[in-house]
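Subject: Structure handover

Hello,

Here is the structure I promised you. Please open it alongside this message; my notes follow below.

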Amino acid sequence: MRQFAKPALEMVDSMREAAAAEPMRAIAFGGAPGSNSHQAAMQFAPEALPLPCFSFEDALEAVETGRAGCAMIPIENSQHGRVADIHFLLPESGLHIVAEHFMRITHALMALGEGPFEAAYSHPQALGQSRHFLAERGIVGLSHADTAGAAAFVAESGNPFIAAIAPPLAADLYGLTIVESEVEDAHDNTTRFVVLAKEALDPAELDGAPAMTTFVFEVKNIPAALYKALGCFATNGVNMTKLESYQKGASFAATQFFADIEGAPGNPNVDTALEELAFQTNDVRLLGSYPQVRKRG
């Protein structure tokens, strides 16, 4: 059921009402108030109006339908890899990446009681980032739609034998006690978020500053197809910082890739590399060029 737990509903309704009055100031995010995405949105744009949505898809839809000016979506974590299936969601949405944001992630174990606990609820990413902590204590991790939503669910349950793994802010918002802090397995735990909007940034607006470009491409089903595709960037001196593969359809004969490169169209090397890539592949779709926040490598 796509509904927030009762302890979150009053805050959700208030935030939605404010966003509805000024939708272009709204920044949509997936999760309940207090989630990592909520905090990332406020770090990125403190003047924005946060618009909580039940899922990443709902956050993208809020931008598509004009209920928000942009959306903040997590796409990868330093410890647990891919967060959202952005390579599926973004091309279908028609939205564009216009910015990236990095945030240090810390989790706390929170509950109504002090333990021992039968289970801890959280988003699968947070469970994965805290798997050693949970295993050492014999706590079963159970999936929830988001971290702060899990905290609201535990508060609503009234059950002192279950806990949530969520940002410390969620404990304050939903009246839970923090039993243990910094339960993530790696203390340099960082998530990369992207900001999505209806209109793409014009690469000319980047004014030659360090930039990133994200795109998807489908290789031909022939020997050395990927080698030829990657050669387009190697021979033109363009640094590719991310490459992930996934299947298109059920035939397992059409492989697509989600990629990031340093630079943007307008740079002669990038232009040549993308032109050669279009020749070597079945399809190339640019998802956005945007300012580079963190130098890769």
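The largest cavity holds about 200 Å³ of space. Keep in mind that this is a predicted model. Searching the whole structure turns up one cavity of 30 Å³ or more. Its lining is made up of 18 residues. Nearest the centre of the largest cavity are Asn-36, Pro-74, Val-83, His-123 and Thr-147. Four elements each give two or more residues to that lining: helix 2 (36–44), strand 3, helix 5 (124–129) and strand 11 (190–197). Helix 5 supplies the largest share, three residues. By class, the cavity lining has 11 polar, six nonpolar and one charged residues.

Next, the open space. The largest pocket has a volume of about 180 Å³. It is lined by 14 residues, and the closest to its centre are Gly-208, Ala-209, Ala-211, Gly-263 and Ala-264. The classes here are seven nonpolar, four polar and three charged residues.

Now the sheet. Strands of a sheet pair through backbone hydrogen bonds, either parallel or antiparallel. In this open sheet, four strands are arranged in the order 13-14-12-15, with antiparallel pairing. Strand 13 (240–247) and strand 15 (281–291) are the edge strands, and each pairs on one side only. On average, neighbouring strands of the sheet are turned by 15° against each other, direction ignored.

Strand 12 (residues 211–219) and strand 15 run antiparallel and are joined by nine bridges. To find your place there, look for Met-212, which stands opposite Tyr-290 in strand 15. Helix 9 (residues 225–234) lies across strands 12, 13, 14 (255–262) and 15. Helix 9 runs at about 155° to strand 12.

Last, the charges. Side chains of opposite charge can pair when their charged atoms come close. The whole structure contains 10 salt bridges. One of them links Glu-76 with Lys-242. The closest N and O atoms of this pair are 3.2 Å apart. What does this pair tie together? Glu-76 sits in strand 3 (residues 70–77) and Lys-242 in strand 13, so the salt bridge connects parts that are 166 residues apart in sequence. Both strands appear above: strand 3 contributes to the lining of the largest cavity, and strand 13 is an edge strand of the sheet.

Best wishes

How values were computed:
Residues numbered from 1 in each chain as written. Predicted model: local features only at pLDDT ≥ 70, side-chain atom pairs only at ≥ 80, totals over all residues. Heavy atoms only, no water. 1 Å grid on protein atoms, 1.4 Å probe; cavity = no way out; pocket = protein on both sides within 12 Å on 5 of 7 lines; lining within 4 Å. Points joined across faces, edges and corners; volume = space filled by probe spheres on them. Nonpolar A, V, L, I, M, F, W, Y, C, P; charged D, E, K, R; others polar. Pairing = 2+ DSSP bridges. Axes fitted to C-alpha atoms, helices over the stretch in contact; angles between N-to-C directions. Contact = heavy atoms within 4.5 Å. Salt bridge = Lys/Arg side-chain N within 4 Å of Asp/Glu carboxyl O.
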